[in-house]
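Work through the exercises below with the sequence and the 3D view side by side. Try each task before you read its solution.

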Amino acid sequence: MRSKRVFVLLLVAILAAGSSVAQHPSYYPNSPGTSWTYSSGETQTLSGPRDFEGVQVLVLTHYFDGVPVSEDYLVYGEAGVTSLGSASGGDVVSYIPPLQVYGPAPLSVGQRWQSMTRVSGFEIELSAEVIAISGISTPAGRFNALQISQTTTTSSGAQTLLDLYFVPSIGVVRFVTNDGTTIDLIELSR
């Protein structure tokens, strides 16, 4: 049960990082106060900076029906964006080492990144690749998005596949899960 919960926390962190990423503010949206609302009923809001284990981070809070359910602690740098950890249900987990969830900006087709971390006694590996530029339509508008194929694998054998559709200066406008569920951006507030 605990390993499943930790895996869910990591997946939430990875999804969250798709909305708020890295080093070029004009390329990646990273201004505190920015929020994204999705067709799943989730709203993600960026705040900070705040101290997390002695490091200044931006905090991405996930809300369902107006209730905060988790937080992700993100650091931005030349190598891209990393997550130092997350919190949910009163439990805070640190990623040792931090998990790189996005490569350096600007993203381009063929760009890949990979990262591994340890959480609560097991390893989690994230692999991602920008595979295409796709024209998509969501309730928030029409976009030419970078399609990122992301695989998350744990040492216990669990695996999650996810396609993220990222638009520079906007964030993730669509998620498609491995079972075909599509989650679209319906509103962006800055």
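A polar contact is a pair of N or O atoms within 3.5 Å, where, inside a protein, one atom must be able to donate a hydrogen and the other to accept it. Keep in mind throughout that the model is predicted.

**Exercise 1. Describe the overall make-up of the chain and say where the model is least certain.**

Begin with the secondary structure, which comes to one helix and 12 strands, and which follows the order α-β-β-β-β-β-β-β-β-β-β-β-β when the chain is read along its sequence. Next, consider burial: of the 190 residues in the chain, 48% are buried. The chain exposes about 8400 Å², and carbon and sulfur atoms supply 53% of that area.

Then turn to confidence. The average pLDDT of the chain is 87, and 86% of the residues score at least 70. Helix 1 (residues 2–19) has the lowest confidence, with a mean of 44, whereas strand 1 (residues 35–38) has the highest, at 98. Over residues 1–25 the pLDDT is below 50, although this stretch has 87 contacts in the model beyond near neighbours in sequence. Where pLDDT is low, the predicted coordinates should not be read in detail.

**Exercise 2. Work out which parts of the chain Asp184 and Arg174 tie together, and whether the two residues are buried or exposed.**

First, locate the contact: the side chains of Asp184 and Arg174 are joined by a polar contact of 2.6 Å. The pair also meets in a salt bridge, with 2.6 Å from N to O. Since Asp184 belongs to strand 12 and Arg174 to strand 11 (residues 171–177), the pair ties together parts that are 10 residues apart in sequence.

Second, check the burial. Asp184 has a relative accessibility of 12%, and because buried means under 20%, Asp184 counts as buried; Arg174 is buried as well. Finally, look at the surroundings of Asp184, which, leaving aside residues up to four places away in sequence, touches eight residues named in full here: Thr37, Tyr38, Ser39, Ser137, Thr138, Pro139, Val173 and Arg174.

**Exercise 3. Find how many salt bridges the structure holds, and describe the pairs that do not include Asp184.**

The structure holds three salt bridges. In one of them, Glu71 pairs with Arg50, and their closest N and O atoms are 2.7 Å apart. Glu71 is in strand 4 and Arg50 in strand 2 (residues 42–52), so this pair ties together parts 21 residues apart in sequence. Arg50 is partly exposed, at a relative accessible area of 35%.

In another, the side chains of Glu129 and Arg112 meet at 3.5 Å, N to O. This pair links strand 8 (residues 122–138), which holds Glu129, to strand 7 (residues 112–119), which holds Arg112, across 17 residues. Glu129 is partly exposed at 25% relative accessibility, while Arg112 is exposed at 62%.

**Exercise 4. Decide whether Arg190 is buried or exposed, and trace what Arg190 touches.**

Arg190 is found in the segment after strand 12 (182–189). Its relative accessibility is 63%, and because exposed means over 50%, Arg190 counts as exposed. Apart from residues up to four places away in sequence, Arg190 touches Thr34, Ser169 and Ile170. A polar atom of the Arg190 side chain lies 2.8 Å from the backbone oxygen of Ser169. As for Ile170, which is 20 residues from Arg190 along the chain, the C-alpha atoms of the two are separated by 9.9 Å.

Technical notes: Residues numbered from 1 in each chain as written. Predicted model: local features only at pLDDT ≥ 70, side-chain atom pairs only at ≥ 80, totals over all residues. Heavy atoms only, no water. Helix = DSSP H or I, 4+ residues; strand = E, 2+ residues; numbered from the N terminus. Buried < 20%, exposed > 50% of the residue type's maximum accessible area, 1.4 Å probe, protein only. Contact = heavy atoms within 4.5 Å. Areas by Shrake-Rupley, 256 points an atom, 1.4 Å probe, with all protein chains shown as cover. pLDDT = per-residue confidence, 0-100. Salt bridge = Lys/Arg side-chain N within 4 Å of Asp/Glu carboxyl O.
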